[in-house]
Amino acid sequence: MLQFFVLHGFAIFLHGMCAIYAFSNENAFDASFDVTMTLLDFKNRSVDAPYFDVKDYIVFEMPSVIVLHGIVAVVTIVFHLFVYFPLHFSHAERVWYESESCPLRWVEYAITCTLMSISSNLAAGVQDFNLILFIIFTGVCLQFMGLLIEQFKYYGSIIWLFLTFGVLLDTAISWPVVWGTLSGD
């Protein structure tokens, strides 16, 4: 049991250092991203715009990659302090030996991994707010696939179905990063 407390303490320290580094970095708040959401007009169609015409754009400012990773570090600290540490203190036997799973861990992953995916996509050139929303929704679904794999690990072939859908979701989330890498100089 002591080793888990030491490991949680080390994780809290490590993520704390990452958060301090991120939020104290002089470039953290100067390197934000502008993303746009297009407002469409479906009424005034023409030969040049048979389906819709662009009416206007709404521009949103997304935090920098540095700030997003600082937020990831803070969320991880919160989960270690208020979820994992208490679970290991009071319910370790049930979590790790009886159920062999920790569903709350997947809530953290849904938040942190999705934020890191947004960060990667922004850095790869994604500027469409609709795509950012897509990444948020599919990121949460991807972590749900991980939860299902963990919950049904003893049911054999069903996990391959969850894994297949997880790979498809991850490919969709990662494609702008892959394309940005392949198409860039």
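This is an informal walk through a predicted model, from its nonpolar cores to its surface.

**The main core**

Let's start on the inside. The largest nonpolar core has 19 residues, and those with the most contacts inside it are Met62, Ile118, Leu122, Phe129 and Ile132. Several elements chip in: strand S1 (33-41), helix H2, helix H4 (103-123), helix H5 (129-151) and helix H6 (158-183) each supply at least two residues of this core. H5 gives the most, with six residues.

What does Met62 touch once its neighbours within four places in sequence are left aside? Met62 is in contact with Ser32, Phe33, Val35, Ile118, Leu122, Phe129 and Ile132. There is also a second, separate core of seven residues, which includes Val83, Tyr84, Leu87 and Cys102.

Leu68 is another residue to look up here. It is found in helix H2. Is Leu68 buried or exposed? At 4% relative accessibility, Leu68 counts as buried, because the cut-off for that label is under 20%. Setting aside its neighbours within four places in sequence, Leu68 is in contact with Pro63, Leu115, Ile118, Ser119 and Leu122. Ile118 and Leu122 also appear in the contact list of Met62.

**Between H4 and H5**

Now for the charged side chains. How many salt bridges does the structure hold? The structure holds one. In that bridge Arg105 pairs with Glu150, and the closest N and O atoms are 1.9 Å apart. Arg105 lies in helix H4 and Glu150 in helix H5, so the pair ties together parts that are 45 residues apart in sequence. Both partners are out of the way: Arg105 counts as buried at 18% relative accessibility, and Glu150 is buried with a relative accessible area of 12%.

Helix H5 has two further residues to look at. Gln143 is found in this helix, and at 10% relative accessibility it counts as buried. Leaving aside its neighbours within four places in sequence, Gln143 is in contact with Trp106, Tyr109, Ala110 and Cys113. Leu148 is found in H5 too, and it counts as buried at 14% relative accessibility.

**Aromatic rings**

The structure holds eight aromatic pairs. One of them joins Phe5 and Phe85 in a tilted arrangement, 4.8 Å centre to centre with 55° between the planes. Where do these two rings sit? Phe5 lies in helix H1 (residues 2-24) and Phe85 in helix H2, so the pair ties together parts that are 80 residues apart in sequence. Phe85 is partly exposed, with a relative accessible area of 35%. Elsewhere, ring pairs link Phe152, Tyr155 and Phe162 into a cluster.

**On the surface**

Some nonpolar side chains face outward. Phe23, Phe29, Ile71, Val74, Val78, Leu81 and Phe82 make a nonpolar surface patch of about 630 Å². Which element gives the largest share of the patch? Helix H2 (residues 65-90) does, with five residues. Val74, one of the patch members, lies in H2 and is partly exposed, with a relative accessible area of 36%. So helix H2 holds a buried residue, Leu68, as well as a partly exposed one, Val74.

Strand S2 (residues 53-62) offers another partly exposed residue. Asp56 lies in this strand, and its relative accessible area is 43%. Leaving aside its neighbours within four places in sequence, Asp56 is in contact with Met37, Thr38 and Leu39.

**Distances along the chain and in space**

Three C-alpha pairs set separation along the chain beside separation in space.

| Pair | Apart in sequence | C-alpha to C-alpha |
|---|---|---|
| Asp56 and Leu40 | 16 residues | 7.0 Å |
| Leu148 and Pro176 | 28 residues | 26 Å |
| Leu68 and Ala172 | 104 residues | 21 Å |

How far apart in space are Leu68 and Ala172, with their places 104 residues apart in sequence? They are 21 Å apart. For Leu148 and Pro176, 28 residues apart along the chain, the separation is 26 Å.

Methods: Residues numbered from 1 in each chain as written. Predicted model: local features only at pLDDT ≥ 70, side-chain atom pairs only at ≥ 80, totals over all residues. Heavy atoms only, no water. Patch = residues over 30% accessible without salt bridge, like charges linked within 9 Å, V, L, I, M, F, W, Y side chains within 5 Å. Areas by Shrake-Rupley, 256 points an atom, 1.4 Å probe, with all protein chains shown as cover. Salt bridge = Lys/Arg side-chain N within 4 Å of Asp/Glu carboxyl O. Helix = DSSP H or I, 4+ residues; strand = E, 2+ residues; numbered from the N terminus. Buried < 20%, exposed > 50% of the residue type's maximum accessible area, 1.4 Å probe, protein only. Core = buried A, V, L, I, M, F, W, Y, C linked by side-chain atoms within 4.5 Å. Contact = heavy atoms within 4.5 Å. Phe/Tyr/Trp six-rings, centres within 6.5 Å; stacked < 30°, edge-to-face > 60°.
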